[in-house]
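Visitor: I would like to learn how to read a sheet in a model such as this one. Could you take me through it, one feature at a time?

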Amino acid sequence: MALPVEQERPVARPQPETPVQRSLIRLPDLRRTGLAVLAGLLLALAFPPYDLWPLSVVGVAALSLLTRGRTARQGAWTGFAFGLPFFLLLLGWLRVIGWDATIGLSVTEALFMAALGAGLAATSRLRGWPLWAACLWVAQEWARDRIPLGGFPWGRLAFANTSTPFTPLAALGGAPLVTFAVALCGTLLAWSALRLRRRARTAAVGGAAGAVAALLAGYLVPVPTAAADTLKVAVIQGDVPSPGMHFLGRPMQVLNNHAEATERLAAEVAAGKVERPDVVIWPENSSDMDPFSEPLAYARIDAAVKAIGVPVLVGTLVDGPDEQHVQNQGIVWSPQTGPGASYTKQHPVPFGEYVPFRAQLSKVITRLQMVARDFHPGTENGVMDLGPARIGDVICFEVAYDGIVRDTVNEGGRVLVVQTNNATYSQTGQPSQQLAMSRLRAVEHGRAVLIAATNGISAIIAPDGSVVEQSRLMTAAELSAVVPLRDDQTLADRVGAGPEWVLALTGLGACAVVALAALRRRRGSGTPAGS
C-alpha cells in the first residue's frame, strides 16, 4: 500500500540556473554541514565515558531536521558529515593502535550514516515520517552490525541508554527496540518543532506528547530479577605490568598476577576472613602462556586452582588446529581434574585478532605483522558447567553482538560471564563503553553479568542492570557477591532478532515506496529512468 505524501506549502517553480549557479549547485551547504558535524559530536557525548544520554535523543532530532525535505544526495552528505565526527570521538580509544585505524574505521562506519541520511531525506515527505525515520535508524544499525567482515556494533543508540528510562524495553525486543524508542522520541521531537514553527501548536503538543510516551514506555515493562538459586562468585582482576600495546611484560607475569591474587583470596578463606566462593572467574588472557604447551603455565594455574579449592574459569590463548592459528578460550579448570570444558571465541576482531587479506595488506601496513597468527573462530556457544552453575561465556567484544549473547541464554546459561582484556585501551573510554553494553545485556536477558577484566573495568551486574560492585582501572582487585541464577527467558530471548528485522524492513519498505513513486513520475513524464 502506498504511503501518502505529507502536504507542504507550495514551492515556487525553480528558475533556470546560470552558469555560475551550475558550477556551485553541488557544493555542500556549509552551514548545514557545520550543524551536522556539531550534532554528530553531541551524539558521541551521549555515550560513555561522558554519559549525557539525553543527547542521543537530541542527535536524532537534529539529523531529522537537517535532512528534512532534502534530496537523497544531499541527505547522504549530511548523514556522512554527522557520522564521521560522531565515530571519530566515540572510537577515539583506537588511537592507541594508530590514528589511521581510528580514521579508517570511522569513515567506514560513517558511510552507513550516509545511507541513513539519504533514507531520512527520501522518506521525510511521507505521512508518518517520524515512524519511518525511527525504523531507518534500526535498519542502519542492522546493516552496520553485520557488514563488512562481520560488522562492528559500536555506537548503537541502545548502548547510550543502558541506565535510562528506555532501558527496560530491552527485555521486550532487545537492543533494537531500545534504539527504535530512542530514535522515535527524537524524530517526534523534530516533528513537533516543525509544527511549532508553523504555529500549529496543537499538533506540536501532540508530537511532544508522543515523544514523552516513547521515553516513559519503559517504565511499564517489568524487569524480573527473582531466582530460586544463587551463586557465590569471586572475580579476579590481576592487573598487567604496563597498559597499552605491550601490556604483557615478561612471560608469565600476567598469569602470576592472577594466580597470586587467587592464592591471597584462598588464604583469607582459610583464615576465616571471607566465605569461600562457589566459583572464581579470571579474565581473557589471564594466562599469557598456553598451559597445554607450557608446563610451567599449567602448573601455575593448577596450583592456584587447588589453593582456592573451587572451579576457576581461566582465559588464555591456545594453539589452534594448525601452526598458523591460535584460539582465544575460556577454560573451566577444576581443582580435582584440571582443565575441562572450554569456549572458543566465535567472533575474532578483524585486524586485531586476525588480518583479512594478510598477504596483500601486510606489505603495505607493516604494523599488521604484529598479529603473528590469526585467531581461529569457535563454532559453539559459551554455555558450560562451572561448578554448580551453568554459565554463558562471551569474550570481550562479543558482548556487543546480539546473537552471540542471546544464544548462550537460550541454550541454558543461567548467568552471563564476559571475559575481557582491555589493557590496551585502559586509559581510554573503551572499558566504560563495554561496561555499558554489559549492563544492557543484563536487562535484555534477565541475567546477572560477571565482567572479568585483566586491569579494569571488572564488575558484577544484577539482572536489572544495576552495578553491584565495580573495580577501578589499572589496579589489582577481587570482587565478590552472591548473584541469582535464573532460568526464565525474557520476551526478547523468545522473539530473537524478529523485532529488528521487522523494524528494519519497515524502514527500507518506506524507502522503496518513495523510489517506486519517483520511478512512476519519471515514466509518466517521459523522462528516462537513468537521467
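Visitor: How many of the residues of β8 are buried?

Guide: This is a predicted model, and in it β8 is mostly covered, with six of its seven residues buried.

Visitor: In which sense does β8 pair with β7, and over how many bridges?

Guide: The general idea is that strands of a sheet pair through backbone hydrogen bonds, in either a parallel or an antiparallel manner. Here β7 and β8 pair in the antiparallel sense over four bridges, and Leu 386 stands opposite Ala 389 in β8. The hairpin of these strands has two residues between them, and in it Gly 387 takes a positive phi near 60 degrees.

Visitor: In which sense does β8 pair with β9?

Guide: That pairing is parallel and runs over five bridges, with Gly 392 of β8 opposite Leu 416 in β9. Between these two strands the chain passes through α12, and the resulting β-α-β crossover is right-handed.

Visitor: Which strands make up the sheet, and in what order?

Guide: Six strands form an open sheet of mixed pairing, and their order is β7-β8-β9-β10-β11-β12. Because β7 (383-386) and β12 (467-470) stand at the edges with a single partner strand each, one side of each is left without a neighbour in the sheet. From one strand to the next the twist averages 25 degrees. Helix α12 (residues 402-410) packs on this sheet, where it touches β7, β8 (389-395) and β9 (415-420), and its direction makes about 170 degrees with that of β8. Towards the β12 edge, strand β11 (residues 459-461) pairs with β12 in the antiparallel sense over three bridges, and Ala 459 stands opposite Gln 470 in β12.

Visitor: For a helix, what span should the residues of α4 give?

Guide: At 1.5 Å a residue, the 19 residues of α4 (residues 72-90) should span 27 Å, and the end C-alpha atoms are 26 Å apart, which agrees. The buried residues of α4 include Phe 80, Phe 82, Phe 86 and Phe 87, and what covers its buried residues includes α2 (30-44), α3 (54-67), α5 (99-123), α6 (129-144) and α13 (430-445).

Visitor: Where is the pLDDT below 50?

Guide: The mean pLDDT of the chain is 90, and 89% of its residues reach 70 or more. Over residues 7-15, however, the value is below 50, and this stretch has five contacts in the model beyond near neighbours in sequence. Residues 17-25 also stay under 50, and for them the model has three contacts beyond four places in sequence.

Notes:
Residues are numbered from 1 along each chain as its sequence is written. This is a predicted model: local features need pLDDT of at least 70, side-chain atom pairs count only at pLDDT 80 or more; totals for chains, interfaces and linings use all residues. Side-chain values use heavy atoms; hydrogens and water are left out. Two strands pair if DSSP finds at least two bridges between them. Axes are lines fitted to C-alpha atoms, for helices over the stretch in contact, and angles run from 0 to 180 degrees between N-to-C directions. Contact means heavy atoms within 4.5 Å. The expected span of a helix is 1.5 Å times one less than its number of residues. Buried means under 20% relative accessible area, exposed over 50%, partly exposed in between (1.4 Å probe, protein chains only). pLDDT is the predictor's confidence in each residue, from 0 to 100. A crossover is right-handed if, with the strands pointing away from the viewer, the path from the first strand over the helix to the second runs clockwise.
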